[in-house]
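Please look over the model that follows and read the report beside it, moving from single residues in loops to the chain as a whole.

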Amino acid sequence: MNAKLKYSILGTTIMFIFILFFNFFYISSKSSSEVNKIDTNKNVTMLTFDDGPGEADLKILKILNNNNIHATFFEVGCNLAKYRFSDKFEEAHPELKKNEESVEDSKKSDSITTIVQKILNSGNFIGNHTYNHQKYVNKISSLIDELKITNMLIKEVYKENLGVDISSSQIPVRMPYLQYFPGVEYALKQAGNSYIARGYLGTDYFEKEAGVAKILTQYETHLKKGIIFCCHSKDYAQEWLPLLIEYLRDKNYTKFATFWPKNLDSSISSFKENSYENYGRLVK
Ligand SMILES: [Zn+2]
């Protein structure tokens, strides 16, 4: 083989590999629904709380309300199902009917209903954190079903509390344990949701074991414009959350966005004021 031919084959091979890699990265970046922050030059953060609705949310809401801050709560469907939906909705969905409810269950239902109402009515947003909070590798059809039923519950609480019709595509999904694999994208499309909210995850869920100092350091060292902080609906939040808010204010981070989409109509203007869309696009 002469030298010219050798170089020509080598050149073609390199070009082929380059095109292959370019396509792979281009396609994978295009198809990803993952978002980690708002693309912005403003000092804004997004606070998110996973695993509710539950009693700890009342403590978190008190802190948020005292500081006039809004957040997004990624709710687990099986907790949300305890909400007292309208008779019409419960009749249409017998699978949610609380037959022979014990006094304890009934108290829990009342409590969840009040918590969800407080979350929504004070300007916070609710997202989908699956129905059973599992690991979904090899369980894609369960994931699709769980995202769909949780979307349905979320839509209904929006309708009943705020009188707004939210679509599945406007409901962000936070996967439990921030798990992510190609099947998650497929499930998301099947369920009609359009993005997976990730962001920075610290160790606040270990509560006392992690300790206030460690939790704060984690958030402080990852602070950047538009960052989504992934926190949890846990009682321990009352120890570190006021200090985090104070730190953010000291650093001139005074804006807190939610996932409220601007085209979602509400008679309450403060909902739109907190929309991430006032600052920029959600990006990976
Ligand atoms: Zn979770």
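In this predicted model, Glu 207 counts as partly exposed, because 17 C-beta neighbours lie inside 10 Å, and a residue needs 20 or more to be called buried. Glu 207 is found in the loop between strand 7 and helix 8, and although it is not a glycine, it has a positive phi of about 45°.

The loop that holds Glu 207 also holds Ala 210, since this residue too is placed between strand 7 (200–201) and helix 8 (212–221). Ala 210 is partly exposed, with 16 other C-beta atoms within 10 Å. When its neighbours within four places in sequence are left aside, Ala 210 is in contact with Thr 203, Asp 204 and Ile 215. The C-alpha atom of Ala 210 is separated by 39 Å from that of Glu 95, a residue 115 positions away along the chain.

A positive phi is also found at other places in the chain, and the table sets out three residues with their values.

| Residue | Phi | Place |
|---|---|---|
| Glu 207 | about 45° | loop between strand 7 and helix 8 |
| His 133 | about 50° | loop between strand 5 and helix 6 |
| Gly 192 | about 90° | just after helix 7 |

His 133 is, like Glu 207, not a glycine, and it counts as partly exposed with 17 C-beta neighbours inside 10 Å. Another backbone feature is the peptide bond from Gly 52 to Pro 53, which is cis, with omega near -5°; Pro 53 lies in the loop between strand 3 (44–52) and helix 2 (56–66).

Which residues of helix 7 are buried? In this helix, which spans residues 182–191, they are Val 184, Ala 187, Leu 188 and Ala 191. These residues cover an arc of only 105° around the axis, and therefore they sit on the same side of helix 7. Among the elements that cover them are helix 6 (140–162) and strand 6 (196–197).

Strand 5, made of residues 125–128, has buried residues pointing both ways, with Phe 125 and Gly 127 on one side and Ile 126 and Asn 128 on the other. This can be compared with the general rule that side chains in a regular strand alternate between the two faces of the sheet. Strand 5 pairs in the parallel sense with strand 4 (residues 72–75) over four bridges, and in this pairing Glu 75 stands opposite Asn 128.

The largest nonpolar core has 62 residues, of which Met 46, Ala 71, Val 157, Ile 196 and Phe 229 touch the most other members. Helix 6 provides the largest share of this core, with seven residues. For Phe 229, the contacts beyond its neighbours within four places in sequence are Thr 45, Met 46, Leu 47, Thr 48, Gly 199, Tyr 200 and Tyr 219.

Turning to the whole chain, its secondary structure comes to 10 helices and 10 strands, and its C-alpha atoms fill a box of roughly 90 × 50 × 40 Å along the principal axes. Of the 284 residues in the chain, 35% are buried. Among contacts with a separation of 6 or more, 77% join residues that are 24 or more positions apart. The domain assignment gives domain 1 (1–31) and domain 2 (33–283), and the C-alpha centres of domain 1 and domain 2 lie 44 Å apart.

Definitions and conventions:
Residues are numbered from 1 along each chain as its sequence is written. This is a predicted model: local features need pLDDT of at least 70, side-chain atom pairs count only at pLDDT 80 or more; totals for chains, interfaces and linings use all residues. Helices (H or I, at least four residues) and strands (E, at least two) are DSSP runs, numbered from the N terminus. A residue is buried if 20 or more other C-beta atoms lie within 10 Å of its own, exposed if 12 or fewer, and partly exposed in between; C-beta atoms are placed from the backbone. Two residues are in contact if their C-beta atoms, placed from the backbone, lie within 7 Å. Domain bounds come from an automatic or database domain assignment. The arc is that of the directions from the helix axis to the C-beta atoms. Two strands pair if DSSP finds at least two bridges between them. A nonpolar core is a set of buried Ala, Val, Leu, Ile, Met, Phe, Trp, Tyr and Cys residues joined through C-beta atoms within 7 Å.
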